[in-house]
Amino acid sequence: MKAIDYAKMACDTMMDSFAPEKLRPLRRFHYHQGVFLSGMEKVYLATGEEKYYNYIKQWIDFCVMPDATIQFYNRTELDDLQATRLLFEAYRKTGDERYKTIIDRHVNYIKNWKTTPEGGFWHMYDKPDQMWLDGLYMAGSVLSQYGYEFNDRECFDIMHRQMMLMWNNIRDEKTGLMYHACDFSKKMPWADPETGCSSIFWGRAIGWVALIIVDMLDFIPEDYEKRSDFINNINALLKAIARYQDANSGLWYQVVDKGGSLGNWTEASCSALFTYAINKAVRMGYLEKEYQSAADKGYKGLTDSVVIKDGKLYLHSICIGTMVGDYQFYVERPREVNDLHGMGAFLMMCEECSRSGK
């Protein structure tokens, strides 16, 4: 089966299982739906099958009110702004000014987000001085595309600064991997007293960084003076990630650097995100061609692991959303089948790998 066929089957499975307004978390404009529907949008753009766009738009119009406000969201969490990226395509297709009004409003929120003394975005307003890797994806999904489509180079400067703050403060030089979070106040129980960093390299959090850096490069102009930093960082990060790929399954572990440790397990969403980013980085020339084999193994590992029954696709071993904790906390997190994190990542991976002939 071709990669795009896996993607279409995954979309169709979810559409058969959930009306758009029933996607979880219920009654919330949130990145869970945003990630999954971003993957579906890629499948729509690749296939031209309008049923996928119509499903996305039905969810958007469930959330967007006639007065260009959004019901069911918390504007003090970056997690609740990521889904804004779905409005770009809806605005392009319909010209509905409500979508542009919301995009502008949310970009303004992000530009004026609360920050650490160093200038890093708080992940949530109730978590002062904490930067989480996830936040680079949540903010970057919106600002990078806005900067490109509306000629606002300030957006690229903002995302460059956020990336470099994470790179310089949350990355471990020895492994090349990135910790899940950093508390710049060093007050949280999980924060290292010297660095403020958490202690665990959690797969999906690193996957968000890999995904958004390689995607932001689609929007950052060739003449942008700091573009090379994005390329250098994605090159270095993906090389580090590739070193921890499980040789047997082709997948990556929930706690990336502790494959084979007691309780650890290969996790689907981070494996899909890493595979996506490696494949795209090689295709775009940001990463040497020798790393294509890592993407090929990741793709095979995930497509071999899915269960297809009665025309439906089931993706197992997807970690649910999580906070910051220690090793036991991460490996004991519940796993779900067809959780939106994993299905969104799987759709992105399949669409990307289809570009390489799979």
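A pocket here is an open set of grid points with protein on both sides within 12 Å along at least five of seven lines, and its lining residues have an atom within 4 Å of a point. Keep that in mind for the pocket views below, and remember that this is a predicted model.

**Figure 1. The second largest pocket, lined by 17 residues.** Look for H30, Y31, H32, D79 and M124, the lining residues that lie nearest the centre of this pocket. The space inside comes to about 220 Å³. Helices α2 and α8 each supply at least two residues of the lining. Sorted by class, the lining of the second largest pocket has seven nonpolar, five polar and five charged residues.

**Figure 2. The largest pocket, with about 520 Å³ of space.** Here 26 residues make up the lining, and E41, K42, R85, D218 and F219 sit nearest the centre. Six helices each chip in at least two residues to this lining: α2 (31–47), α4 (86–94), α6, α8 (203–216), α10 (268–284) and α13 (340–354). Helix α6 gives the largest share, five residues. As for chemistry, the lining of the largest pocket splits into 13 charged, nine nonpolar and four polar residues.

**Figure 3. Helix α5 packed against helix α6.** This close-up takes in α5 (residues 97–111) and α6 (residues 134–149), whose axes are 10 Å apart and meet at an angle of about 115 degrees. The crossing of α5 past α6 is left-handed. On the α5 side, the contact is made by K100, I103, D104, V107 and I110. Their partners in α6 are A139, V142, L143 and Y146. Taken by class, the residues of this contact are seven nonpolar and two charged, with no polar ones.

**Figure 4. A cis peptide bond between R24 and P25.** Zoom in on the bond from R24 to P25 and you'll find omega near 0 degrees. Most peptide bonds are trans. P25 belongs to the loop between α1 (3–17) and α2.

**Figure 5. D129 and its positive phi.** Most residues other than glycine have a negative phi. D129 is not a glycine, yet its phi is near 65 degrees. You can track D129 down in the loop between α5 and β1 (130–132).

**Figure 6. K186, another residue with a positive phi that is not a glycine.** The phi of K186 is about 60 degrees. To find K186, go to the loop between β2 (181–183) and α8.

**Figure 7. Stepping back to the whole chain, with its 13 helices and six strands.** The radius of gyration of the chain is 19 Å, close to the 21 Å that the globule rule gives for 358 residues, so the chain is as compact as a globular protein of that length. Taken along the principal axes, the C-alpha atoms fill a box of roughly 50 × 50 × 40 Å.

Terms used. Residues are numbered from 1 along each chain as its sequence is written. This is a predicted model: local features need pLDDT of at least 70, side-chain atom pairs count only at pLDDT 80 or more; totals for chains, interfaces and linings use all residues. Side-chain values use heavy atoms; hydrogens and water are left out. Axes are lines fitted to C-alpha atoms, for helices over the stretch in contact, and angles run from 0 to 180 degrees between N-to-C directions. Helices (H or I, at least four residues) and strands (E, at least two) are DSSP runs, numbered from the N terminus. A crossing is left-handed if the near helix is turned anticlockwise from the far one by less than a right angle, and right-handed if clockwise. Contact means heavy atoms within 4.5 Å. Ala, Val, Leu, Ile, Met, Phe, Trp, Tyr, Cys and Pro count as nonpolar, Asp, Glu, Lys and Arg as charged, and the others, Gly among them, as polar. On a 1 Å grid over the protein atoms alone, a cavity is a set of points where a 1.4 Å probe fits but cannot get out, and a pocket is an open set with protein on both sides within 12 Å along at least five of seven lines; lining residues have an atom within 4 Å of a point. Grid points are joined across faces, edges and corners, and a volume is the space filled by probe spheres set on the points. The radius of gyration is taken over C-alpha atoms; the globule rule is 2.2 Å times the number of residues to the power 0.38.
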